[in-house]
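Here are my notes on this one, as promised. Have a look at the model first, then read through the points.

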Amino acid sequence: MYGDAFPHETNMDRLHGVDFEKGCYVGQEVVSRMQHRGTARTRTIRVILESASPEPGAAILAGDKSVGTMGSTAGPNGLALIRVDRVADALAAGLPLTSGGLAIRVASRRIC
């Protein structure tokens, strides 16, 4: 799931894992454009599992609309790659999030 993710999707920009002052590197144009335009639509976020763990790679749904993909889990915690705008809209509308038929919730209301 994360093998082909952009640095912004794995929060490397927030963790200072990308040097935007450095010279050339592979993917520099796309990464720099995402940074300066603020166009990172997907992010890895922590989710809290209400019961059993969904399978990694399972779709995350808000109602019947796909909003992301489950990643790894450990106990009641998990990581998910989500569309920030879609999850924000779902939370504002009071829609529950599910994955594999199991209830999940975002660990923080601040997701973007």
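How many helices and strands does the chain have?

1. Two helices and six strands is the tally for the secondary structure. Bear in mind that this is a predicted model. Reading from the N terminus, the order is α-β-β-β-β-α-β-β.

2. On to the sheet. The six strands make a closed barrel in the order 1-4-3-2-5-6, and the pairing is antiparallel. From one strand to the next, the twist averages 40 degrees.

3. Strand 6 is a good place to start looking at the pairing. On one side, strand 1 and strand 6 pair in the antiparallel sense over three bridges. Leu49 has Ile104 as its bridge partner there, and Val47 stands opposite Val106. Strand 6 is also joined to strand 5 (residues 97-99) by three bridges, again antiparallel, with Thr98 opposite Ala103.

4. The link between strand 5 and strand 6 is worth a click. These strands form a hairpin with two residues between them, and Gly100 in the turn has a positive phi of about 60 degrees.

5. What does helix 2 lie across? Strand 1, strand 2, strand 3, strand 4, strand 5 and strand 6 are the answer, and the helix runs at about 105 degrees to strand 4.

6. Now the interior. The largest nonpolar core has 16 residues, and those with the most contacts inside it are Val47, Ile60, Met70, Ile82, Val87, Leu97 and Ile104. At least two core residues each come from strand 1 (42-49), strand 2 (59-62), strand 3 (65-74), strand 4 (77-83), helix 2 (84-92) and strand 6 (102-106). Helix 2 supplies the largest share, four residues. As background, nonpolar side chains in soluble globular proteins tend to be buried together.

7. Ile104 deserves its own point. Leaving aside residues up to four places away in sequence, Ile104 touches Val47, Ile48, Leu49, Glu50, Pro54, Ile60, Met70, Leu97, Thr98 and Ser99. Among these, Val47, Ile60, Met70 and Leu97 are also listed with Ile104 as having the most contacts inside the core.

8. Finally, some whole-chain numbers. Of the 112 residues, 33% are buried. Taking contacts between residues at least 6 apart in sequence, 62% join residues at least 24 apart. The chain exposes about 6,800 Å², with carbon and sulfur atoms supplying 53% of that area.

Notes. Residues are numbered from 1 along each chain as its sequence is written. This is a predicted model: local features need pLDDT of at least 70, side-chain atom pairs count only at pLDDT 80 or more; totals for chains, interfaces and linings use all residues. Side-chain values use heavy atoms; hydrogens and water are left out. Buried means under 20% relative accessible area, exposed over 50%, partly exposed in between (1.4 Å probe, protein chains only). Contact means heavy atoms within 4.5 Å. Accessible areas come from the Shrake-Rupley method with a 1.4 Å probe; for residues, only the protein chains shown count as cover. A nonpolar core is a set of buried Ala, Val, Leu, Ile, Met, Phe, Trp, Tyr and Cys residues joined through side-chain atoms within 4.5 Å. Two strands pair if DSSP finds at least two bridges between them. Axes are lines fitted to C-alpha atoms, for helices over the stretch in contact, and angles run from 0 to 180 degrees between N-to-C directions.
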